[in-house]
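Here is a short, friendly tour of one complex. Take a look at the sequence and the 3D view before reading on.

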Amino acid sequence: MATLIEKPIDTLMKGSVDVEDLSVVFKRRDQYGPLLVLESTSFRIHPGEFVCLLGPSGCGKSTILNLIAGFLKPTKGRVLVDGYTVESPGADRGFVFQQYSLLPWKTTFQNVEFGLKIRGVSRAERTDLVNDYLNRVGLYNHRHSYPHQLSGGMQQRASIVRALVNSPSVLLMDEPFAALDAQTRHMMQELLLNIWSDLKSTVIFVTHDIEEAVFLSDRILVMGVRPGRIKETVEVNLDRPRHLDIMLSSEFLNLNRQVFELIREETLKSMELG
Amino acid sequence: MAVSAKAARKAKRKKPRATSETHFDQHAPSKLGAASLALLKSRNLKRSLSLVLFFGIWQLLCVTQFNFLINFAFLPSPIDVWSATITFFSGNAVVHIAASIQRVLLGFGIAAVLGVGLGILIGWFRPIEDLVFIPLELLRPIPAVAWIPLAILMFPNAEAGMVYITFLGAFFPILISTIRGVESTDIVLLRVGQCLGAKQWHIFKDIVVPGAMPNIASGLVIGMGNSWFCLVTAEILAGRFGVGYLTWESYVTSNYPPIVMGMLLIGLMGLLSTLVVDRLTKLLMPWRVTKKQEF
Ligand SMILES: Nc1ncnc2c1ncn2[C@@H]1O[C@H](COP(=O)(O)OP(=O)(O)OP(=O)(O)O)[C@@H](O)[C@H]1O
Ligand SMILES: [Mg+2]
């Protein structure tokens, strides 16, 4: 039954991600030899789904994201996005990095405009689209500022908008809010859900933060320690649209506790591994 | 800082007019105190002071015939140099100066174009690096003086030889800085470009080259200074004109004050032209923040 319902949606909407039997070995030049980071990891993400990858440090979350983005080649297995094997990075997969990654020599406007300019979108169209997006994240008044003149939160908002303005079918986010203070982080989470609810592109969001994962996602993939693989999947059936106050609801707290237990086991194991 | 000093000076001029006599008298000491404090903090003042100190100490060392480790007894004093300068400027100073400026600017200009161009290519394309980098590194340590005989053989006239030697001074620092700048491109920014669908050309134009700009700029600043550094060497080839030629010629005729004058003149022109290059490259990088400790 499930497949019957799924199929038409899959063909209608873009943004499916299939990770098939993925293994990654890093060659290292030190005495420890090759490092098996991912072993036979498989999972599937449906178009329009918001999925969080959660796991202890070093378990390979960024590695998975880099493979989907095409920055990295798998040792074994493959990644399919919308049915095509990923060979190299492309504009269909937007990326938001943890570090501030705006081009320092471009203004906010020019940074967001960059992808559209590359694709040859006309100036008038670019201006409308970019200004519209900047307005939605409250950066319109800062459109002529250079990145060093923006706060961390503003820079990340600009990075998100820079990825989204190209309407990628998949948005990859690697701990985008990790460097922000708690208040700003919560604001950004709500803002992200807000924009995403209009666009409905697939989001794969890497985080350490359990609350963040529960608040944002439809599904949490909990990863185990090295060699990394998906240990457990947690469905998050909280109603949308979500606002920060659901963090106080008992449903939210229960999910939180459930994920916390899963993570704790893995973190303990990872500490033993060293 | 310079701005606040200006503001203080303005305030000093304006306020007495606006306030009544008695008021002015009451507040005069504190106002004067604030103004002199602002003046002390002013960077221009500190800079002028550094020059006064430099020449003052030098004059003092000469007058007292200071002789410990360094012997100042036979050195021309600032006042000797000053009279040599007066003599120089009442003669055909402009011709000498213009000849030198022209050589340096030509040599520097060619070095800037070739150094930046080649540096970007070497930094970005591995095969080009493999092809040309080692021969260039081999030539780099060779001092300008060593090139004089070859410069005479290589070029149809002395003028071209002199431009070549000032070129050599600027070329290598510009080349090396540019290569380093391109090589230090941030991998995250490259990935940003790739995820926005940028192909080689856009990555090159919008990410690699702007990212290398700060390095290129410091290469240009160092290169500008080095061109002047090589001027005396270059103008050994000169028959008649040039500040470097004059300096060299005065040495041959054992006339010392003009040597020091020539040295200082070269230093001054180097300073000014470096300042211009620095300002111009800063204009190209409005996005840069420079922070320094202020005491
Ligand atoms: N280029 C590389 N060469 C060698 N080892 C690497 C390389 N990149 C990552 N690793 C190793 O692979 C493992 C997984 O790294 P990854 O960055 O995917 O972890 P992560 O789950 O994102 O961790 P964190 O939460 O700390 O960001 C780590 O042990 C790391 O040391
Ligand atoms: Mg990571």
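How many nonpolar, polar and charged residues does the shell around ligand 1 have?

## The shell around ligand 1

Sorted by class, the shell has four nonpolar residues, seven polar ones and two charged ones. The model you are viewing is predicted, and in it 13 residues surround ligand 1, with F26(A), S57(A), K61(A), S62(A) and T63(A) coming nearest. Two elements of chain A each give two or more residues to this shell: strand β2 (35-45) and helix α2 (61-69). The largest share belongs to α2(A), which supplies three residues.

## The sheet in chain A

Now turn to the strands. Chain A has an open sheet of four strands, running in the order β2-β1-β4-β5 with antiparallel pairing. At its edges lie β2(A) and β5(A) (84-85), each of which pairs on one side only.

It is worth following β2(A) a little further, as this strand also gives residues to the ligand shell. Its partner is β1(A), residues 17-26, and the two pair in the antiparallel sense over seven bridges. Within this pairing, you can find V24(A) opposite L38(A) of β2(A).

## How confident is the prediction?

For the complex, the predictor gives an ipTM of 0.89 and a pTM of 0.83. Chain B has an average pLDDT of 88, and 86% of its residues score at least 70.

One stretch of chain B deserves a careful eye: over residues 1-28, pLDDT stays under 50. For that stretch the model has 17 contacts beyond four places in sequence.

Definitions and conventions:
Residues numbered from 1 in each chain as written. Chains lettered and ligands numbered in written order. Predicted model: local features only at pLDDT ≥ 70, side-chain atom pairs only at ≥ 80, totals over all residues. pLDDT = per-residue confidence, 0-100. Contact = placed C-beta atoms within 7 Å. Near = placed C-beta within 6 Å. Nonpolar A, V, L, I, M, F, W, Y, C, P; charged D, E, K, R; others polar. Pairing = 2+ DSSP bridges.
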